[in-house]
Amino acid sequence: MAAHTTSPKVFITGASSGLGQALARHYAAQGAILGLVGRRGDKLTDLAATLPHPHAVHCYALDVRDALALRAAAGDFMARHGVPDIVIANAGISHGVNTEDPADLPHFASVMDTNWMAMVSTFSPFVGPMRERKRGTLVGIGSVAGVRGLPGHGAYSASKAAAMTYLESLRVELRADKVAVVTIAPGYIRTPMTDGNPFPMPFLMDSDKFARKAAAAIARGKRFAVLPWQMGIAAFGMRCLPRWLYDMLFARAPRKPTMAQRQAREAAKDRES
């Protein structure tokens, strides 16, 4: 039987590092019961041990692209504690990609599967119970990179655009059932994912501050929030640019290195050492 408790119940994917870890720490400080999903079980266990109430943390080591494993984790969490108040589909990856290189085709697929399809798989087990209860919040982590297609980021931009469009569809679908759907679109946040970016990152925000701001937007049931707010203005400007001007301005925009480029750089460093 599910436990009766007034503590908020929060289920978070991609919790072993970055934004997911920061969100887990924030909600743990609020006394939440947590379900944490990540590929690296050791990282999840280490994180749980540092949280204020480790006995209230349930860790699920799995790949979010495995829909059956996600459903099993969701079922286990609900069997223990009932339907969560908040589900955050945060898991995401980013690769620089080159359409010309056939070796990058699997990277296109893995980014889309992780950033978009896994979001659908994360929400799927919870939608029915939340609709029946007439309460709950589903949160998807999008990105400012999904507002326009950024050169060299074709996989990431496409996956985040798909995620944010999906979230909008879901928000309208669930409106009558009083289930909130919140889209959080980060700009540049200091995480392991952005640490390797070899270009300037304007308005870079620390992950702990992001978690506080995101949680506040979630608590208000805000439909769409860009963090930091300055990037919201930048995103609006990007969206309003006519295509010819956008193409001209962004043709020389900095690009995330592809896997082949990263491997070549690492090999060069090895030779130098």
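Does Lys-134 count as buried, exposed or partly exposed, and at what relative accessibility? I'll get to that in point 3; bear in mind throughout that this is a predicted model.

1. The closed cavity. Searching the whole structure for cavities of 30 Å³ or more turns up one. The volume of the largest cavity is about 50 Å³. Its lining is made up of Thr-13, Val-64, Ala-89, Asn-90, Ala-91, Thr-114, Asn-115, Ala-118, Met-119 and Thr-122. By class that comes to five nonpolar and five polar residues, with no charged ones. Helix H4, residues 105–133, gives the most to this lining, with five residues.

2. Helix H4 itself. It's worth a look along its length. With 29 residues at 1.5 Å a residue, H4 should span 42 Å, and its end C-alpha atoms are indeed 42 Å apart, so the two values agree. There is still a kink in H4, of about 40°, at Phe-126. The proline Pro-129 comes shortly after that kink.

3. Just past H4. The residue that follows H4 is Lys-134, and its phi is positive. The value is near 60°, in a residue other than glycine. For context, most residues other than glycine have a negative phi. Lys-134 sits in the loop between H4 and strand E5, which covers 137–141. Back to the opening question: Lys-134 counts as partly exposed because its relative accessibility is 43%, and partly exposed is the class between under 20% (buried) and over 50% (exposed).

4. Another lysine with positive phi. Lys-178 also has a phi near 60°, again a positive value in a residue other than glycine. Its place is the loop between H5 and E6. Here the relative accessible area is 62%, so Lys-178 is exposed. Lys-178 turns up again in the next point, as one of the residues lining the second largest pocket.

5. The second largest pocket. Its volume is about 180 Å³. Around it you'll find Arg-171, Val-172, Leu-174, Arg-175, Lys-178, Val-179, Ala-180, Val-181, Gly-221 and Arg-223. Helix H5 (154–174) and strand E6 (180–186) each provide at least two lining residues. H5 gives the most, with three. Sorted by class, the lining has five nonpolar residues, one polar and four charged. Compare the cavity in point 1, where the lining has no charged residues.

6. Strands E1 and E2. Which way do the residues of E2 point, and are they buried or exposed? Ile-33, Gly-35 and Val-37 point one way, Leu-34, Leu-36 and Gly-38 point the other way, and all are buried. In other words, six of the six residues in E2 (33–38) are buried. E1 can be read in the same manner: Lys-9 and Phe-11 point one way, Val-10 and Ile-12 the other, and all are buried. In a regular strand the side chains alternate between the two faces of the sheet. E1 (residues 9–12) and E2 run parallel and are joined by four bridges. One pairing to check on screen is Val-10, whose bridge partner in E2 is Leu-34.

7. Two contacts across the sequence. Ile-86 belongs to strand E4, residues 86–89. Although 78 residues separate Ile-86 from Pro-8 in sequence, their C-alpha atoms are 8.0 Å apart. Ile-86 is buried, since its relative accessible area is 13%, below the 20% limit. The other pair is Ala-217 and Thr-183, 34 residues apart in sequence and 9.4 Å apart in space, C-alpha to C-alpha. Ala-217 lies in helix H7, which runs over residues 207–219. A relative accessible area of 3% is why Ala-217 is classed as buried.

8. A cis peptide. What kind of peptide bond joins Leu-227 and Pro-228? The bond is cis, with omega of about -5°. Most peptide bonds are trans. Pro-228 is placed in the loop between strand E9 (224–227) and helix H8 (229–240).

Key
Residues numbered from 1 in each chain as written. Predicted model: local features only at pLDDT ≥ 70, side-chain atom pairs only at ≥ 80, totals over all residues. Heavy atoms only, no water. 1 Å grid on protein atoms, 1.4 Å probe; cavity = no way out; pocket = protein on both sides within 12 Å on 5 of 7 lines; lining within 4 Å. Points joined across faces, edges and corners; volume = space filled by probe spheres on them. Nonpolar A, V, L, I, M, F, W, Y, C, P; charged D, E, K, R; others polar. Expected span 1.5 Å × (residues − 1). Bend = angle between axes of the 7 residues up to and from the residue. Buried < 20%, exposed > 50% of the residue type's maximum accessible area, 1.4 Å probe, protein only. Pairing = 2+ DSSP bridges.
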